[in-house]
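Biologist: I am new to this structure and would like a close look at a single part of it. Please take me through the aromatic rings in one connected account.

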Amino acid sequence: MRLIFAGTPEFARVALAQLHTAGFEIPLVLTQPDRPAGRGMKLQASPVKQFAQENGIAVAQPRSLRLDGKFPEDAAAALLAIEAARADAMVVAAYGLILPQWVLDAPPLGCFNIHASLLPRWRGAAPIHRAIEAGDAETGIIIMQMDAGLDTGDMLLLEKLAISPDDTTATLHDRLAAVGGRMIVKALELTSSGELVARKQPESGVNYANKIEKNEAVIDWAASSALIERRVRAFNPFPVAVSTLAGVPVKFWQVTALGNTARPESAVPGQILAVGPEGVDIAARQGVVRATRLQKPGGKPLEAAEFVRGFAMQPGMVFQSTAVKGEGS
């Protein structure tokens, strides 16, 4: 089976690697244009592009696929490349561009999407983050036959995955990526043998995983300790939860909600209650948050015991639920 693969980040690279290892013929990869990244803001190829180049696969990087859109020349070039690939199907994973109808119709077997949620819950751009933030007990991978809607296509394969209490977006992403790569190989093999059965998505339970904005990472200490803890996990590794202390932005990489620790009635949200080797205890609106891994500007993430040796903080000081310029904005 000949495939076109469309994807951009590491999640997609894992699936592409699995398909390549499984022996599928992949004449063309579509991925987002190179973006500036790192301290020097140099243009950097996506993980998918890097894999394609390492394995001799042709790459196209249109800014848009809409023939009537802002970059019609890009779309026209992509059309020629897709036609020349003579693919049986297209596999899409975290590509980042909307596929117009002409793309969906181009391969005879259509377009297969690897989606990291239990649809119809968490349609959209950030299903892993939103599942952790919401406190979901499970998530999963669905292989979907794409249509013109936003993650509305028929479901072809589904596998559930439990969300651990200490999962971050980083750890859950890696587990889901591995499952997605394995499942897309299975789905295409079943398609070849005519054994794949499509099912409509349920009409109830639809909600959307909006794209993560950097300003969401500013910790709202007026929230409950449980919600703060989930958001810290959801925003690890990006954009990373942040709060300011004495005008200095501090990133929170790991916290624990202390449900069995009494919060003094006189404490205000964001107030430091205790500083010790086990962590920094901070008052939330309900409950107490213990920060155990922190980072200051220009530094690296440190365990709390080491962090407080190089950053002056003491009980009574108050973290602010506002962003410092350049952080969380």
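To begin with one residue: is Phe311 buried or exposed, and why?

Modeller: Phe311 is buried, because its relative accessible area is 11% and the cut-off for that label is under 20%. This is a predicted model, with a pLDDT that averages 95 over the protein and reaches at least 70 in 97% of the residues. The exception to keep in mind here is the stretch of residues 324–329, where the pLDDT is below 50, although this stretch has twelve contacts in the model beyond near neighbours in sequence. Where pLDDT is low, the predicted coordinates should not be read in detail.

As for the rings themselves, the structure holds four aromatic pairs, and one of them is formed by Phe252 and Phe319, whose centres are 5.3 Å apart and whose planes meet at 70°, an edge-to-face arrangement. That pair links distant parts of the chain, since Phe252 belongs to strand S13 (residues 248–258) while Phe319 sits in the segment after helix H8 (304–307), 67 residues apart. Both Phe252 and Phe319 are buried.

Phe311, the residue you asked about, pairs with Phe307: their ring centres are 5.2 Å apart, and because the angle between their planes is 25°, the pair counts as stacked, the cut-off for stacking being under 30 degrees. Phe307 is buried as well, because its relative accessible area is 2%. Finally, Phe252 and Phe319 also belong to a cluster, in which ring pairs link them with Trp221.

Conventions
Residues numbered from 1 in each chain as written. Predicted model: local features only at pLDDT ≥ 70, side-chain atom pairs only at ≥ 80, totals over all residues. Heavy atoms only, no water. Phe/Tyr/Trp six-rings, centres within 6.5 Å; stacked < 30°, edge-to-face > 60°. Helix = DSSP H or I, 4+ residues; strand = E, 2+ residues; numbered from the N terminus. Buried < 20%, exposed > 50% of the residue type's maximum accessible area, 1.4 Å probe, protein only. pLDDT = per-residue confidence, 0-100. Contact = heavy atoms within 4.5 Å.
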